[in-house]
Amino acid sequence: MRGFTPDGRLCRRMLVLRGGTVVDANGTRTADVVVEDGLIERVGDAPANPDETIDVEGQYVAPGLIDTHVHTIMDGGPDPEEKQSMSKYDAAYQATANLEKALKAGVTTMRDLGSIERLAIDAATAIESGVIEGPRLQACGQTVVMTGGHGNWFAREADGPDEVRKAAREQLKRGADVVKTMATGGVLTEGAITGAPELTERELAALVDAAEAKHRPTAAHAHGAEGIKNAVRAGITSIEHGTFMDREAAELMAEHGTYWVPTAAALHGIVEQGTEAGIPEWAVEKAEEAAVAFDDAFDYALEEEVDIAMGTDAGTPFNFFEDIPQELELLVEHGLTPEHALEAATVNAADLIGLDDVGLVEAGYRADLVVLPDDPLTDASVWQNAQTVVADGNVV
């Protein structure tokens, strides 16, 4: 935390979270957490007279959550395609509201995987400079899709390796932290076949080649097994959704070290709410078919020890930014232990997006913290009840 002296000189302020139980991927221990200048200064006995103290005795101090797959311009409404006519201004207002909701829920880092032009990239700059409130944000700019491909209404359409490479380079020129593509069709585009391959393996490899030249990771929306395998062989960093993953695909992902971002909340919102809530019938039918295969995908991924990082696809139908922490409970329902879910939402997610100073409650790490009323290693649902959120050393 930072402050200023009366003559305008920068001074440091110390915040202490006193008396709690620290829990992260390294285990559980009773300790004070000392925060100074936006960083965790120590985890242990705190000085007697800090500038600010929060009593967290009987509570649990955990790392802030990291959501590696959101769409900040979407509002969780029943039909995202209705947003095709929204203006850039409307999208900016929606993104600002979503970012604030996520932060208050305990999400301190997010990755936007598809927005209008450079809106999310600019939002990241606005957050960093203090213009708006929100989690630390990475963004891909526009997704790269085939002509008429999934999500084409807010994407960059491209066909053939050369055009795909150029489209990826356009996002990198904008300042993209990651390059995102659609390797298969999807649930929320009318007429798209959910598991059918879209970009070819050669096109995907061209996208990866462009991203790797700038040392940027890549992400591929991929539901069907063939599309997953195409993406993995092309060198894609993470598979998003992976709904119809088969054992061969899981083995290939484990072999290549490809991350899986399951986005369980995305299917959950559509299947739970259904057409009665206004979701198009064609979307519900596709989601219900995908949900049947999803359990098998988890079985294959867990058996083959595929690396899993948390992502929610927040913004899709009834998948609200304030509900992002629900994803950990859904991951446990699909077979992860609470410990594994915590790792997916902290250290694994940090590794996927290339950050080495978030995800743990350790000295030298950024002070991104969530105070919980109960032990998240016993009950993953407690992530949905953050008592206090600290982001970059500032109490939210």
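**Close-up A. Strands β20 and β21 sit side by side in antiparallel fashion.** In this predicted model, β20 covers residues 388-391 and pairs with β21 over two bridges. One residue pair to look for is A391 with its bridge partner N394, the latter in β21.

**Close-up B. Stepping back, here is the open six-stranded sheet that holds β20 and β21.** Read across, the strand order goes β5-β4-β9-β19-β20-β21, and the pairing is mixed. At the edges are β5 (27-30) and β21 (394-395), and each of these pairs on one side only. As a reminder for reading this view, strands of a sheet pair through backbone hydrogen bonds, in either a parallel or an antiparallel way.

**Close-up C. Now for another open sheet, this one of three strands in the order β10-β11-β12.** Here the pairing is parallel. The edge positions go to β10 (65-70) and β12 (136-139); each has a single partner strand, so one side of each has no neighbour in the sheet. From one strand to the next, the twist averages 15°.

**Close-up D. Zooming in on the same three-stranded sheet, β10 and β11 run parallel and are joined by four bridges.** Strand β11 takes in residues 107-112. Pick out V70 and you'll find its bridge partner, D112, in β11. Helix α2 (residues 119-128) packs on this sheet and touches both β11 and β12. The direction of α2 makes about 160° with that of β12.

**Close-up E. Helices α7 and α9 pack at an angle of about 90°.** The pair is made up of α7 (residues 264-273) and α9 (residues 326-333), and their axes are 9 Å apart. With that angle, α7 counts as roughly perpendicular to α9. On the α7 side, the contact involves A264, A265 and H268, which meet Q326, E327 and L330 of α9. Sorted by class, the contact has three nonpolar, two polar and one charged residues.

**Close-up F. T218 and its surroundings.** This threonine lies in strand β16, which spans residues 218-222. Is T218 buried or exposed? Its relative accessibility is 1%, and because anything under 20% counts as buried, T218 is buried. So who keeps it company? Setting aside neighbours within four places in sequence, T218 is in contact with V178 and V179, with L207, V208 and A211, and with G235, I236, T237 and S238.

Note on methods. Residues numbered from 1 in each chain as written. Predicted model: local features only at pLDDT ≥ 70, side-chain atom pairs only at ≥ 80, totals over all residues. Heavy atoms only, no water. Pairing = 2+ DSSP bridges. Axes fitted to C-alpha atoms, helices over the stretch in contact; angles between N-to-C directions. Parallel < 35°, antiparallel > 145°, perpendicular 65-115°, else oblique. Contact = heavy atoms within 4.5 Å. Nonpolar A, V, L, I, M, F, W, Y, C, P; charged D, E, K, R; others polar. Buried < 20%, exposed > 50% of the residue type's maximum accessible area, 1.4 Å probe, protein only.
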